[in-house]
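Colleague: Hey, got a minute to walk me through this structure? I'd like to start with the ligand.

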Amino acid sequence: RVIAGRPADLAGRRLVISAGGTREAIDPVRFIGNRSSGLQGYALARTAVARGAEVTLVAANVGLPDPAGARVVRVESALELRAAVLDAVEGADAVVMAAAVADFRPSARSGSKIKKTADEPDAIHLVKNPDILAELGERRREGLKPYPRVIAGFAAETDDVLANGRAKLARKGCDLLVVNQVGDGLAFGTPDNAAVVLVAGGEQVEIPRGPKEALADTVWDLVAARLA
Ligand code: CTP
Ligand code: CA
């Protein structure tokens, strides 16, 4: 549900949003995944459309209907998400990486289903996935097109939330980092969220517990201000 009466302050803006959580295949029937529902990314897409933006939503394993008015690209793994985001970023004004991207993937995907045997199972060997958000920040720093003018990320932290968030914002070279505290019935799979948006340059915007659409609107306020 989109609250009526939004400004059309994103009219003509091309925005890319990633949502959901990636899955890293172990074999044809199994994967390593995470608990991201995609609700926050979808709320970002709905509110951006309502504010007049042209939206590409890169959705990883989300069991939600396509938001009206957005172009939706469905992906599964981190490598697929990276390719889809880099493709969509061409000519885009801003990117918001709301997806939970797996940090690691199995180094090899078994072509056939791994069978239970009398022996103990083999360990699953993992390799690092590329950091898409950091890569976008790096491209912009180096002036390597395509890159978006405004780059935003999300981070779920459990300890030293603000200090970890500031370090992450700097490390990834983004403009905004929405830091969620996980737990207390917040974040994963719930309609509500509470967060602090850390802005490059030191500003900090607190978002009280409320619907994910309210958080989304605050993110767009900050993005619109940086695009103006
Ligand atoms: N992200 C990304 N590519 C990755 C991992 C994360 O683009 N391989 C993005 C996420 O979409 C999110 C932001 O980076 O917007 C922060 O993700 P997070 O997992 O909190 O950061 P990490 O650098 O992976 O740090 P941590 O060790 O805390 O997981
Ligand atoms: Ca991570």
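Colleague: What does the shell around ligand 1 look like by class: how many nonpolar, polar and charged residues?

Modeller: There are 8 nonpolar residues, 5 charged ones and 1 polar one in that shell. Keep in mind that this is a predicted model.

Colleague: Okay, and which residues are the closest to ligand 1?

Modeller: Of the 14 residues that surround ligand 1, the closest are M97, A99, P130, L133 and K168.

Colleague: Which helices and strands each supply at least two residues of that shell?

Modeller: Two helices and a strand do: α3 (132–142), α4 (161–172) and β9 (150–157).

Colleague: Let's get down to atoms. What lies 2.9 Å from an oxygen atom of ligand 1?

Modeller: That's a polar side-chain atom of K172. The backbone joins in too: a polar backbone atom of A99 is 2.7 Å from an oxygen atom of the ligand, and a backbone N or O atom of P130 is 2.8 Å from one of the ligand's nitrogen atoms.

Colleague: And how much of ligand 1 does the protein cover?

Modeller: On its own, ligand 1 has 580 Å² of accessible area, and the protein covers 78% of that. The space the ligand takes is the largest pocket.

Colleague: Switching to records: where does UniProt place the "binding site" feature?

Modeller: The unreviewed UniProt entry puts it at D103, K113, P130, D131, I132, L133, F154, K168 and K172. Those residues span 70 positions in sequence and their farthest two C-alpha atoms are 37.7 Å apart, so they don't all gather at one spot.

Colleague: Which of these residues does the lining of the largest pocket include?

Modeller: The lining includes D103, P130, D131, I132, L133, F154, K168 and K172. D103, by the way, is in the loop between β6 (94–97) and β7 (104–106).

Colleague: New topic: the backbone. Which two residues does a cis peptide bond join?

Modeller: K145 and P146, with omega at about 0°. P146 is part of the loop between α3 and β9. For background, most peptide bonds are trans, and most residues other than glycine have a negative phi.

Colleague: So what is phi of N61 near?

Modeller: It's near 55°, a positive value in a residue that isn't glycine. You'll find N61 in the loop between β4 (54–60) and β5 (71–75).

How values were computed. Residues numbered from 1 in each chain as written. Chains lettered and ligands numbered in written order. Predicted model: local features only at pLDDT ≥ 70, side-chain atom pairs only at ≥ 80, totals over all residues. Heavy atoms only, no water. Near = heavy atom within 4 Å. Polar contact = N/O pair within 3.5 Å; in protein donor to acceptor, adjacent residues only side chain to side chain. Areas by Shrake-Rupley, 256 points an atom, 1.4 Å probe, with all protein chains shown as cover. 1 Å grid on protein atoms, 1.4 Å probe; cavity = no way out; pocket = protein on both sides within 12 Å on 5 of 7 lines; lining within 4 Å. Sits in = over half its atoms within 2 Å of the grid points. Helix = DSSP H or I, 4+ residues; strand = E, 2+ residues; numbered from the N terminus. Nonpolar A, V, L, I, M, F, W, Y, C, P; charged D, E, K, R; others polar. UniProt positions renumbered as here; feature names shortened; annotations may be inferred.
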